[in-house]
Structures are given as structure tokens and as C-alpha cells.
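Q: Let us go through this model term by term. Each label should be tested against its cut-off.

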Amino acid sequence: MSVDLKRGETLPIHINMTFPSLPCEVLSVDAIDMSGKHEVFAHKYVLKLRLNKEGQIIGTEYLSDLVEKEHSTHKHGVEDKDHHEETPEKKPEHGLNSDAEEMIKNVKSAMEKGEGCRVYGVLDVQRVAGNFHISVHGLNIFVAQQIFGGAAHVNVSHMIHDLSFGPKYPGIHNPLDGTTRILHETSGTFKYYIKIVPTDYRYLSKDVLPTNQFSVTEYFVPIRDGDRSWPAVYFLYDLSPITVTIKEERRSFLHFITRLCAVLGGTFALTGMLDRWMFRLIESFTKPKSRSSLR
């Protein structure tokens, strides 16, 4: 272990999640860090994959392609400074335009068909503490009310197929892979508090793979009457100041010879002991017989 000296680098976040109860058109991916950088629909390499109720892919869109389209129909809600509890507050003074009405109709139709959404891709964020979350916060409050009829009806059930902070090395274990959280007759916000440990994996060839491990603590906040926040899935991360280095090592030929001699020596010693014990055992049975025959 050593002090982490990396500076000015980005942190890759690999996401592969499924939301079986929310259509892709209402989901957004937001990221914010302690430096104040805020990204909505965070990266061009993030996909939203439309799923039917059997979980089969029926459509694909880049999140970056949706920014202009979706922001033209509904502005993003009010964001507070730490972005932990977001909710759009103000209703528009004017009525819904035709695009918003069409969107509401499409989303309701998708929900009736049981459509879900898979969010897949890579976020590149600043290498400082922050959070990213997947939610319906990209919707205007009036549009969200028309679609869901209230925050208590937003089902953020999800399955985490893969969540990692860099490339994988042999033997790595990401604790959130395979996590499933399904809500029944309730709603709320999931918060995953993640501690990232920078890791360097050194191969036998001396190549170094910089990546990250992490530990996680989970917390669920149910929606209560009067809450102004809307359900979401938050990932709040912080980085450890310590870097862990893992090295691949190969035993030398001399070490192999030494271990082989030790095994052979132990084998000879054991067989010698067994031989002496067997000899004494047989001798103890044969001596009384030989004495009785002489008499």
C-alpha cells in the first residue's frame, strides 16, 4: 500500500442496470461532484435500451441524443447544491405543448405494456468525491404528475448487472454485481454509499493496470406523505487516499527444486517410520509364537 499520488485524472464508471418498471423516456442519468461540475444525461457513451416485459431489447438511444429533444419538452427540475434530494418544484405557468402531451401519451402506453429500461455505458467523471443517480428528475413536475400521479407511484425497482470503477483484473470482486431490489406496493430512494480504493495490478510482464476496487453500504429511504423529493437510485462515492498494489509473482526454479527436495525427504522419512512400526508390530506377534513352539 502507498499514498495515492494520481492527479488530474478522470474516474470511469461502468454502468449496466435494468429498471423493469420505468420506460426509458422518463429516466435520466445525472452526475455531480464536489468541484461543482454537474452533468445531466451524463455522457455520450451511455445507452438507454428499451425492454419489453420479457426483458428483450426493443430499441436503443444514446442519452446524449436525448438532451435537446427532452429538454425542449420539459425543463430540468430545481437542483439543490449537494444534489442528494432533487425535486422539480414549480409548475409551468402555461399549459402543456403538443410535444409534452405526446410524450405523456407514449409513456403511459409504454407503462401499460410493461416496458422497462436498461441503462448501459461509461461515465467519465472528475476524480473527486461526488454522486451520480438515475431517476425521473429530468421531468417537469407537472409532466411527472400527469404520468405517475404522484411520487409514491414511481417504482425504482432495479437490477445491477455490473457496476465498476475501471477495468477488471483477475480475481476482482465488485460487491454490487448481481444486486436486485424489487419494490412491492411502496416506493422510495435507494442510496449506495461507496468507498473507492485505487488499485494498481502488476502483471508478470511488468505491465501495470490502473483500476479501482470498492466497498459499499446500502440505505433505503421510503417515500412518506408530504415528501417533496422523488424516488431515485443514488450512488454516492468517495475515494480512499491509499493505493493498493497487487503483483503477480512466479516462483523461481530454485524454489521449485527446494520444495521438491523437501517433499521427497518427507516422503522417505515417513516411509522409514512406517517400515519401523510395521517391523516392530510383526515382531511383537511372532516372538510369543516362536517361544511357545520351543517349549
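Q: How many contacts beyond four places in sequence does the model have for residues 89–94, and where does pLDDT stand there?
A: The model has nine such contacts for residues 89–94, and pLDDT stays under 50 throughout. pLDDT is the predictor's confidence in each residue, from 0 to 100. Contact means heavy atoms within 4.5 Å. Where pLDDT is low, the predicted coordinates should not be read in detail.

Q: What are the ground rules for this model?
A: This is a predicted model: local features need pLDDT of at least 70, side-chain atom pairs count only at pLDDT 80 or more, and totals for chains, interfaces and linings use all residues. Residues are numbered from 1 along each chain as its sequence is written, and side-chain values use heavy atoms, with hydrogens and water left out.

Q: Which elements have the lowest and the highest mean pLDDT?
A: Helix α1 (residues 63–73) has the lowest, 41, and strand β9 (residues 158–164) the highest, 96. Over residues 64–84 the pLDDT is below 50, yet this stretch has 52 contacts in the model beyond near neighbours in sequence. The protein averages a pLDDT of 82.

Q: What makes a run of residues a helix or a strand?
A: Both are DSSP runs, numbered from the N terminus: helices are H or I with at least four residues, strands are E with at least two. The protein has four helices and 14 strands.

Q: How do you know that the span of α2 agrees with its number of residues?
A: The expected span is 1.5 Å times one less than the number of residues. For the 15 residues of α2 (residues 98–112) that should be 21 Å, and the end C-alpha atoms are 21 Å apart, so the two agree.

Q: Why are the buried residues of α2 said to line one face?
A: Buried means under 20% relative accessible area, exposed over 50%, partly exposed in between (1.4 Å probe, protein chains only). In α2 the buried residues are A100, M103, I104, V107 and A110. Down the helix axis they fall within an arc of 130°, so they line one face. The arc is that of the directions from the axis to the C-beta atoms. On the other side, S98, K105 and E112 are exposed.

Q: Why is I134 called buried?
A: Its relative accessible area is 1%, and the cut-off is under 20%. I134 therefore counts as buried. I134 lies in strand β8 (residues 130–135). Beyond four places in sequence, its contacts include M17, F19, L27 and V119.
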